[in-house]
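Student: Could we go through this model together and ask what stands behind each label?
Tutor: Gladly, let us look at it first.

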Amino acid sequence: MLLPKHLVGLKDLNRQQIEFVLDVAQGMEPIAQGWQRSDLLKGTILATLFFEPSTRTRLSFETAMLRLGGGVISVADALRTSSAWKGESLADTIRTVDSYADIIAIRHATSGAAGEAASHSRVPVLNAGDGTNEHPTQGLLDLLTIRRALGRLDGLSVVMVGDLKHTRSINSLAYGLSNFDVRVTFVSPKGFEPAQPILDRMAERERSCRVTTDLREAVRDAEVIYVCRIQKERLEHAEDAERLKGSYLVDMALLRDARREPIVMHHLPRVGELAEDVDTYPGACYFKQPWNGVLTRMALLAILLGRVLR
Ligand code: NCD
């Protein structure tokens, strides 16, 4: 099999593996649209085990499974409604759930939790976001969105703006993009720069990469602008959330200075850093991302369950 048993991060996926997932995802379009019925995953069960809130990730995993004819069991608020509330360890929860499901998607507040879950699971584990570490299915759907919008992943100038220190989707997207010939500009308020391993990866792969606080200058040459929210639940000092509010804003006034008609992306939810006046801008892609999330998760479920071979 071309992919590892578990999808814990994009750090260790290579270009060939990423392109394989994106190709399979694109092929899922007629089934996701409902034009074509599929029983590809009939008889298999996905468990979504979410220890943190979610709208898009959990629901799109479940939609993906249902579109492919499989079944779903779900814990949406595992800290309160599973035995975690009684003090059960993650390892024991996983050793139990792997008797109920053929594949598990897990979201957890602790960095490294998905890797830990994978180490205790007999069935494939998909990381649906672990602390400030990674969110690989988001990274892949973001790569798919860029490839569909711009027709390629090589030769692009990408700006990522926001709380890059705490945003796990940025880590996954950056690791994924590091396999391609990209120029990346990280724009963040002081103290919210990307983690050092992300910068190290860009250097190792000899990708042009810079860190700045100047958003206006960065967007001028951008082809992709990826906006992130302040991850207030992950800040070391809660008062920083108020201080940072309004410290960056992507709106039409800013985009008018861009020379290359960039696409605009956001992992969502947006909470003030991406103005609604961008919604009618032709390059706005942030409501295409959730759609591509369904395709990507369909592909990953099918691949990790061994139903798509190459
Ligand atoms: C993100 C997450 O939970 O990591 N949301 C998502 O999955 N699209 C980002 C966020 O909550 O800000």
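The dialogue below takes up the ligand site, the pockets and two backbone features.

Tutor: A word on the source: this is a predicted model, where local features need pLDDT of at least 70, side-chain atom pairs count only at pLDDT 80 or more, and totals for chains, interfaces and linings use all residues. Residues are numbered from 1 along each chain as its sequence is written, and side-chain values use heavy atoms, with hydrogens and water left out.

Student: What makes a residue part of the group by which the ligand is surrounded?
Tutor: A residue is near a molecule if one of its heavy atoms lies within 4 Å of it. T57, R107, H135, Q138, R168, R229, Q231, H267, L268 and P269 surround the ligand.

Student: How do you know that a polar side-chain atom of H135 makes a polar contact with an oxygen atom of the ligand?
Tutor: A polar contact is a pair of N or O atoms within 3.5 Å. The H135 pair is 2.8 Å apart, so it counts. For R168, a polar side-chain atom is 2.7 Å from a ligand oxygen, and for Q138, a side-chain N or O atom is 3.1 Å from a ligand nitrogen, so these pairs count too. As for cover, the ligand taken alone exposes 310 Å², of which the protein buries 93% (Shrake-Rupley method, 1.4 Å probe).

Student: Why is the space taken by the ligand called a pocket?
Tutor: On a 1 Å grid over the protein atoms alone, a pocket is an open set of points where a 1.4 Å probe fits, with protein on both sides within 12 Å along at least five of seven lines. A molecule sits in a pocket if more than half of its atoms lie within 2 Å of its grid points. The ligand takes up the largest pocket, whose volume is about 370 Å³. Its lining has 19 residues, with P53, R107, R229, L268 and P269 nearest the centre. Two or more lining residues come from each of α3 (56-67) and α8 (168-177).

Student: What is the volume of the second largest pocket?
Tutor: It is about 320 Å³. Among its 14 lining residues, I230, K232, K245, V271 and E273 are closest to the centre.

Student: Which peptide bond is cis?
Tutor: The one from L268 to P269, with omega near 5 degrees. P269 belongs to the loop between β9 (263-266) and α13 (289-304).

Student: What is notable about the phi of E206?
Tutor: E206 is not a glycine, yet its phi is positive, about 60 degrees. E206 lies in the loop between α9 (196-204) and β7 (208-212).

Key. A polar contact is a pair of N or O atoms within 3.5 Å; within protein, one must be able to donate a hydrogen and the other to accept it, and residues adjacent in sequence count only if both atoms are side-chain atoms. On a 1 Å grid over the protein atoms alone, a cavity is a set of points where a 1.4 Å probe fits but cannot get out, and a pocket is an open set with protein on both sides within 12 Å along at least five of seven lines; lining residues have an atom within 4 Å of a point. Grid points are joined across faces, edges and corners, and a volume is the space filled by probe spheres set on the points. Helices (H or I, at least four residues) and strands (E, at least two) are DSSP runs, numbered from the N terminus.
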